[in-house]
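Hi everyone, thanks for coming along. I'd like to walk you through one structure, so please have it open and follow with me.

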Amino acid sequence: MEDAVLPESHILEVLSRLPLKTIIRCKCVCKRWRDLVSDPYFVDLHLSRSRPCLSFHQYDSPSSILELVEVEHEVDYNRLTLHHVKTLNLHLSAVPYPRNWTIQVGSVNGLICLHNRDFDTTYIFNPLDEEYMILPQPPKPNFEDVRFPLTYGFGVSMTGKYKVIWIYGLKIEVYTLGTDQWRCLGPTPYRINYRWAVDPPGVFVNSHLYWIIHGQIYKFDMDTETFESFPSPPGELGDDQESMQTLGVLKGSLSLFSWTSLGFNVWVMKESWYKAIAVIQENIDPFLKSLELKPRFLMDGSDGTSILIFWPWPEENPSLVGYCLNTNKILDLNLPSNFFASMLTYRPSLVKLQNFGSERVRVRSLYSNDTVSAKNRYESSLKFEQRASF
């Protein structure tokens, strides 16, 4: 009697439903399983069933640490439990600095876009494969452009083209993965005066990127490559220094959180804006009002709830605070944080960066001993050091 062997289609079905941490281990079982997990059919199948994680990034030290965690929200117990998946040291520069300004720009289909402000270098990174690419640098802006700092974003068009967007004060640059070049789309239709040195990256929703800048929402269409203002919720936004505003994604739709002296509101964009949650100041948990909190991240909770992650300031050793906007309950994350931290929704994927590589943009291993790339990064760091000394 021949040994029973599961058909390959059955194996793929089983593997695609496993937890992320288990799939990572499956790649090490044998060559056959490694090849199955790398097969394009399985990559698409797994992505369609992939549960979203959180990508938590601390970038204020020479060891830029990225944590992938799965989130379990128990509404009845007011508990938000983080299950560790993977920890990565993003030592993407050859020479360490007291602070590593490699920040998260955005995440789409398992790919994370990172930008190092010290070296002005942009990376596309897949945490599961521990591989990354270094994109060519965009053309240097002229004096008129750099009078206003920049913001940026990462997303994918409806036709499947992954794009990195840079918005200077007066112009827009676009890089499509696999093309080896930046394209200038010309001047922006708006003269945007930025409040911070670098405004937060754009929020990606359904082939569009969105930003709030000085109380105005702007939108970039990844297919038509047009940049325009976007209507705000009625009577909600404005250049109000006393209002804390942040964009996010709830249940697949663009969402806005706003907290003023009157209370807070959560708006969700469907065909138009509608107010999903409203809590007056008197009903907000006293703990939230006792601290100076900075809204960091909007995310979906269980049973149709919505969660806002706060960063408490100016505590000496702050931990991130989760807050269920529906139940008005504090959710202790027990996750240390500081100003130099960011969070993204990350949907694990086994998409291969080789699909977008080229002679100029080649795929590198995060932990390889690539002496050529190390030498290039070292030379780049020396150039930065020389610039900084003037």
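**A walk through the chain**

Let's begin with the whole chain: it has 390 residues, and 51% of them count as buried. Please keep in mind that this is a predicted model. The accessible surface comes to about 19,200 Å², and carbon and sulfur atoms make up 52% of that area.

What does the secondary structure add up to? There are seven helices and 25 strands in the chain. Now think about contacts between residues with a separation of 6 or more: 53% of these join residues that sit 24 or more positions apart.

Let's go to a pair of helices. In general, two packed helices are described by the distance between their axes and the angle between those axes. Find helix H3, residues 31-38, and helix H4, residues 40-49. Their axes come within 5 Å and cross at roughly 65°. Which residues make the contact? On the H3 side they are Leu36, Val37 and Ser38, and on the H4 side Pro40, Phe42 and Val43. Sorted by type, the contact of H3 with H4 has five nonpolar residues, one polar and no charged.

Next, a sheet. Look for four strands in the order S8-S9-S10-S11, which form an open sheet with antiparallel pairing. Why does one side of S8 and of S11 have no neighbour in the sheet? Strand S8, at 151-156, and strand S11, at 182-187, stand at the edges with a single partner strand each, so one side of each is left free of a neighbour there. On average, neighbouring strands of this sheet are turned by 20° against each other, if we ignore direction.

Let's zoom in on one edge. S8 pairs with strand S9, residues 162-167, in the antiparallel sense, and the pairing runs over six bridges. If you want a spot to click on, Gly155 stands opposite Lys163 in S9.

Another pairing to find is that of strand S16, residues 244-250, with strand S17, residues 253-260. These two are antiparallel as well, with seven bridges between them. Here Leu247 faces a leucine across the pairing: it stands opposite Leu256 in S17. The hairpin of S16 and S17 has two residues between the strands, and Lys251 takes a positive phi near 55° in this hairpin.

Positive phi values come up again in another loop. Asn206 lies between strand S12, at 203-205, and strand S13, at 208-213. Its phi is near 50°, a positive value in a residue other than glycine. Ser207 lies in the loop between S12 and S13 too, and phi of Ser207 is near 65°, again positive in a residue that is not glycine. Are these two buried or exposed? Asn206 has 55% relative accessibility, so it counts as exposed. Ser207 has 4% relative accessibility, and therefore counts as buried.

Now let me introduce two residues in strands. Asn126 is found in strand S6, residues 121-126. With 0% relative accessibility, Asn126 counts as buried. What does Asn126 touch, beyond its neighbours within four places in sequence? It is in contact with Gly110, Leu111, Glu131, Tyr346, Ser349, Leu350, Val351 and Leu353. There is also a nice distance to check: Asn126 and Leu366 are 240 residues apart along the chain, yet their C-alpha atoms are separated by 9.7 Å.

The second residue is Lys275, in strand S19, residues 273-280. Its relative accessible area is 43%, so Lys275 is partly exposed. Leaving aside neighbours within four places in sequence, Lys275 is in contact with Asn265, Val266 and Trp267. Lys275 and Ser255 are 20 residues apart in sequence, and from C-alpha to C-alpha they are 9.7 Å apart.

Last stop, the cysteines. How many disulfides does the structure hold? Zero. Let's compare the surroundings of two cysteines. Cys113 is at 0% relative accessibility and so counts as buried, whereas Cys184 is at 45% and so counts as partly exposed.

That's my tour. Thanks for listening, and I'm happy to go back to any part of it.

Conventions:
Residues are numbered from 1 along each chain as its sequence is written. This is a predicted model: local features need pLDDT of at least 70, side-chain atom pairs count only at pLDDT 80 or more; totals for chains, interfaces and linings use all residues. Side-chain values use heavy atoms; hydrogens and water are left out. Axes are lines fitted to C-alpha atoms, for helices over the stretch in contact, and angles run from 0 to 180 degrees between N-to-C directions. Contact means heavy atoms within 4.5 Å. Ala, Val, Leu, Ile, Met, Phe, Trp, Tyr, Cys and Pro count as nonpolar, Asp, Glu, Lys and Arg as charged, and the others, Gly among them, as polar. Two strands pair if DSSP finds at least two bridges between them. A disulfide is a pair of cysteine sulfur atoms within 2.5 Å. Buried means under 20% relative accessible area, exposed over 50%, partly exposed in between (1.4 Å probe, protein chains only). Accessible areas come from the Shrake-Rupley method with a 1.4 Å probe; for residues, only the protein chains shown count as cover.
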